[in-house]
Every structure is written in C-alpha cells, then in structure tokens.
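Please look over the sequence and the model shown here before reading on. The report that follows moves from one residue to the whole chain, then to helix packing and loops.

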Amino acid sequence: MEPNTSDMHHLSADCLEITMEVHRVVPPPHKSTIQKLKTRLKETFFPDDPLRQFKGQPTSKKWILAAQYIFPILQWGPDYSLKLFKSDIVSGLTIASLAIPQGISYAKLANLPPIVGLYSSFVPPLVYAVLGSSRDLAVGPVSIASLILGSMLRQEVSPANDPVLFLQLAFTTTFFAGFFQASLGFLRLGFIIDFLSKATLVGFMAGAAIIVSLQQLKSLLGITHFTTQMGLVPVLSSVFHNTKEWSWQTILMGFCFLVFLLVARHVSMKRPKLFWVSAGAPLVSVILSTLLVFAFKAQHHGISIIGKLQEGLNPPSWNMLQFHGSHLGLSIKTGLVTGIISLTEGIAVGRTFAALKNYKVDGNKEMMAIGLMNMVGSSTSCYVTTGAFSRSAVNHNAGAKTAVSNIIMSITVMVTLLFLMPLFQYTPNVVLGAIIVSAVVGLIDIPAAYQIWKIDKFDFIVMLCAFFGVIFISVQDGLAIAVGISIFKILLQITRPKTVMLGNIPGTDIYRDLLHYKESMKIPGFLILSIEAPINFANSTYLNERILRWIEEYEAEEDLKKQSSLRFVILEMSAVSAIDTSGISLIKELKKAMEKKGAELVLVNPLGEVIEKLQKSDEAGDFTRPDCLFLTVGEAVATLSATIKGQASNNVV
C-alpha cells in the first residue's frame, strides 16, 4: 500500500518543526533619506567608483592621479620603451594602409569630398591617443555612421546642388555628435546606450551593410543617374531602370577587384597570422587600379575617377559650423543618431579587444574621448569618427601595444596629405565601391543571428524588425523601430512580472517551481507563490489580479479533491528588490482579501527596502508579527504547520 500523501507532508512538517531553528527577519540598519539618495545616485552614476584611487593619497599624488585619469597617455607614457615602439610602428603602418583607401571610400559614402575622409583619419586619431583608454582601438571614419550622416542630411540638402551647405551641415552634425557623446560620459549617462541591445545591433548592422552595398551598385555598374533614396526597392528599381548606363569596363574592373578583396579577407579570417593580406589588399587595389586607369586612359572609356584632390593638411572649419538657421534641427537630430551609433560601435570594439588582452576600458572615459575627438574634428574639417572594428582587428592582429599605433597611422596620413595626393587623381570610383562592399560584408553576422534565434525568440523578432526596417524603410527608422520594440519588451517584463507556485522537494526544506521541478509537491493548506520582480505602480494591479486567480484556482482544485481548505498564502519575496506605495497597498489589499476567506497572508524574506517600507506603513503591526514574517519558506511551513497541529489538538481536547 502507498503511504498517504497528506500524511507524508504532515510528517515532513513535523520533522522540520523539530529540527529547524526559526530566524527572525530583521530590518536593515537605519539610513537617513539623504544617505539613501546618496547611495542610489552613487550606484546609478558611479558604479565603478572612480574616486576610490584617490583615497588615502597625499595631495601631490592626487594631482598626478587626476592628470592620468583625464589623460591616460600620462599613465603608460613614462614607461614606454623602444620594444613597444617597434610593435606599434608595424601596426600603425599596417592600419594606415587600410585607413587611407577606406577614408576616401567612406567620405564618398557620406556624400562628402574624398579628401574629408583623409582629414578624418589624421586629427581624430591624435586626439584619441591622448584621451582614449583602449590600446587596440583604431580610429577613423566608419561605414555605418557615414551612411547615416549622408542619408539624413541628403533628405533636406542636395550634396550636388549645394555642396558647401552640405559640408557645413556635416561638420555641424559632427560637433553635435561629439557634444552629445562627451556629455554622456561627463554626466555618467552611459547606460543610455545600453538600450541598443545585441539583437538590435546585429539586425541593424546587417541591414545597414546591405544598404551600403546596394548604394555601391552606382559605382560598380557605372550608373550616372542613381536614386537618392536608401531603401531596397528604390535602389533596385533605379538599377534596372538605368541598364543603358551600365558600363562593361566598370563592371569587369569592379568584379575583379571585389573578388580579390573578398579572397584576401577570407584568407586573413582563416589564418589570422596573415592579417596583412586583408589589411594591405585595399591599398594594393587602389594602386593597381590607378595604374591601370592611367596606363590605358580608362577615364575616357566609361570608368569614372576621383579627380584631383586638394593637397595640404586639414584647414580649420570652425567658421563653417552652423548654430542657427533652418537646418539646425536637422544637424542636431543627425548628430544624435550618428553619435549614438558610432559611440556604441567604438565602445563595443574597445571592450572586445580589452577582454582579449585582459585589461579594462572605462566606458565613460571612452565616451568623453570619442566625444572630444569629434568636437575637435568638427573644427578641423573632419566628420564623425569612431573606433572601427575592421581597422581595430587589424591593429590587434598586427601586435599593437599602445595608442601610439594611432599616432603612427596619423603621421602616415599626414605624409599622404602633404606629398602623395596627386597619385590618387586617377583612382577609379569602382574600386572605392569594391573596398566598401568588402569592408561591410563582415557586419553581416549570421552565427550571431542563429545564436539569438536559439536563445530568445523575442530578441530574434527585434533583430528582424531592425533588419527589415533598415532595408525597406530607412536606416534611422529601422533603428527606432527596433529600439521601440526592445523598450516594449522591457515594459512587458516590468508590467507583467512572473509569478510561480512553489512546492516542497521531498526529504528537504527546499521549495521550487512546481512546473520546473516535477518531483516537488504541494503542501496541503498552503499556497506558496514566488514573485520574481520589483513591485510598483506599473504591475501592482496585474499582481493583485494574478494572485487572486492563483487562489481561486487552488480553491477550485482543493474542492474537487475534497482536501483541506486554504489556510495560508505565502509570498516568497527574495526577488522583490524594490517596492513603492502602490506595492504596499497591494500587500494590504491581499491581506484583507485573505482575512475574508479565513486565511492568512505570510511574507517570506522581504529584502531591506521592502521590509523597511512595510514597517513604516504597518501601524497596527500586522505585517511584522512573528507568525506573518519568515526568513525562508521552509521555516514558515514548519512553524505554521505546528500552529495548525496545535490548534487541532486544542479542538480535540
């Protein structure tokens, strides 16, 4: 004969009663409102406690530490050696060979003069070398920020009809992007960029990569009349409506160099030691294509070329910044979007390589460094720059030890600007398009998308929304849709928190989710629920309805089984990290509802803030009675089971 389940549970409760010591739930140490506010602000804005290094230091040492904190170059600079320089000069020259063709290409992607791309590879890396904390980040123009800047500004101003105004707005946008980035770092608001989840970024980057590639069909096919829109449908429509403009010479050259670049990239991915193959391939392509065009006069046979580029270093551009006029709103909006995207990319890249080399990158310092870099850049004829993944990967693989590699790259670009610009006059636009396509292919991360699908289907939907939004609507709208859905997911988790029913694992005092742990068993007369989120005004109504439904379902089930009626509703609150006045009202309403049903509400392990607010609101002492407040579910069940048994014995007597 099988033993009666109810008897087993009573036996278990008796054992718990005998062997278990009941611990009191004590309130947290008293703190004033000012102390609480100070702690909350510190955890919100200074979770890394940047001032801890100054504690106990003499005044002179504090000044040195402060200077090193603001200018990280002062931290590693005094210990810099010739051995480090040898590594940095190799990596600096390597990334310069990649930065020069990419700078020219990305400037054209942003509808800017090609020379601006080289300007942006000269000044910003110098600024970052002084202010940045990453040893591997290679700074310069990037494809996504270039695409966004060009497409958003082109909505109101034509780069062909009004190139001066377009350039002014580009520099103004760069200033606002830098100002926004530096402000986030200075005000310690870096958590804002966390709203760009990994799923959002994977979908956004893949969509943007396809849009960037489609835009290069103009160069790869030799089309002169091309759409100014960015969507998939308008671009393909423009391509096939202008088939008469296709140039077989351009297509042949573009195809050959694109295959060469993709093969070089594949070789470097398969064998990381051959990083120099993909790093040097763009510059080799530029040199070879320029020689071919010059030798065969290909510019007279349908292949378009860059044309003459201005020689000399960056001219000042602070007089071109527009802080008034009808286009100010456009500059601010574009600066905000490009600033967030480039900041997210730069910090993500910096942290990735810092983790590989086991050092830390300070997110807020990086924001200030990238922001100030762009603000300075806007005054020296540069547009939005950040740390690019492709260049940083080459920098890392080439053995970069410090930010001096950025300085070497900058000096190389400076020499190019001063002496080598005439050599680029015959560089064909088709090769620049091939360079861009080969660079953005790496942004399509299929393994990451598959991983997201396996782990979280909702995140996969967010990723798809970002991807299709970018492709079919626009870059900025696709990003906004994905961020909106991500925020909706967070709101859903806040407003609809998870509640589960707990049962006892036989032979222990452990209580777990009944659906998860099939061996766990209900305790007759007890409804044990776990609330797995903070309780606040956004979810208190839902929790009230959900808990009452749990009770109704429990009572209906007990009536069918004709077992003992509900005596106690236990709320396990270990995961309730915070509660507000609406949450306190919920607890009071539940207690009244339980009293009407002849049952009691019992709270288990309320955390510091929760127990403190309960005490302040509990004038009658209903919540803080020893029989209503326990540290563990096991102690609560053991104690209350003993109470039931005692009452039953008294009734018998």
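Which residues does Lys 597 touch, not counting residues up to four places away in sequence? Lys 597 touches Ile 551 and Glu 555, where contact means heavy atoms within 4.5 Å. This is a predicted model, in which local features need pLDDT of at least 70 and side-chain atom pairs count only at pLDDT 80 or more, while totals for chains, interfaces and linings use all residues. Residues are numbered from 1 along each chain as its sequence is written, and side-chain values use heavy atoms, with hydrogens and water left out.

## Lys 597 and Leu 590

Lys 597 is found in the loop between H24 and E7; helices (H or I, at least four residues) and strands (E, at least two) are DSSP runs, numbered from the N terminus. With a relative accessibility of 41%, Lys 597 counts as partly exposed, the class that lies between buried, under 20% relative accessible area, and exposed, over 50% (1.4 Å probe, protein chains only). The C-alpha atoms of Lys 597 and Ser 565 are 10.0 Å apart in space, although 32 residues separate the two in sequence.

Leu 590 lies in helix H24, which covers residues 581–596, and at 2% relative accessibility Leu 590 counts as buried. When residues up to four places away in sequence are not counted, Leu 590 touches Asn 544, Ile 547, Leu 548, Leu 571 and Leu 601. Between the C-alpha atoms of Leu 590 and Ala 369, which are 221 residues apart along the chain, the separation is 53 Å.

## The chain as a whole

The protein chain has 26 helices and eight strands. Its radius of gyration is 32 Å, well over the 26 Å that the globule rule gives for 653 residues, so the chain is more spread out than a compact globule; the radius is taken over C-alpha atoms, and the rule is 2.2 Å times the number of residues to the power 0.38. Taken along the principal axes, the C-alpha atoms fill a box of roughly 115 × 65 × 55 Å. Of the 653 residues in the protein chain, 50% are buried. Among contacts between residues at least 6 apart in sequence, 79% join residues at least 24 apart.

## Helices packed against H15

Two packed helices are described by the angle between their axes and the distance between the axes. Here axes are lines fitted to C-alpha atoms, for helices over the stretch in contact, and angles run from 0 to 180 degrees between N-to-C directions.

Helix H15 (residues 328–357) packs with helix H17 (residues 389–397) at an angle of about 20°, their axes being 10 Å apart. That makes H15 roughly parallel to H17, since angles under 35 degrees count as roughly parallel, over 145 as roughly antiparallel, 65 to 115 as roughly perpendicular and the rest as oblique. On the side of H15 the contact is made by Glu 345, Val 349, Phe 353, Leu 356 and Lys 357, and on the side of H17 by Phe 389, Ser 392, Ala 393 and His 396. These residues divide into five nonpolar, two polar and two charged, with Ala, Val, Leu, Ile, Met, Phe, Trp, Tyr, Cys and Pro counted as nonpolar, Asp, Glu, Lys and Arg as charged, and the others, Gly among them, as polar.

The axes of H9 and H15 come within 7 Å and cross at roughly 55°, and H9 and H15 are therefore oblique to each other. Among the residues that meet in this contact are Phe 176 and Phe 180 in H9 and Ile 340 and Leu 343 in H15. The residues of the contact of H9 with H15 divide into eleven nonpolar, nine polar and no charged.

## Residues in loops

The table gives the loop positions and relative accessibilities of some residues.

| Residue | Loop between | Relative accessibility |
|---|---|---|
| Arg 188 | H9 (163–186) and H10 (198–215) | 7%, buried |
| Ser 133 | H7 (123–131) and E1 (139–140) | 16%, buried |
| Asn 605 | E7 (600–604) and H25 (608–617) | 21%, partly exposed |
| Gly 77 | H4 (73–76) and H5 (82–109) | 28%, partly exposed |

Most residues other than glycine have a negative phi. Arg 188, however, has a positive phi near 60°, and Asn 605, which is not a glycine, has a positive phi of about 50°. Leaving aside neighbours within four places in sequence, Ser 133 is in contact with Pro 72, Tyr 128, Tyr 359, Val 361, Asp 362 and Glu 366. Gly 77 and Ile 490 are 413 residues apart in sequence and 44 Å apart in space, C-alpha to C-alpha.
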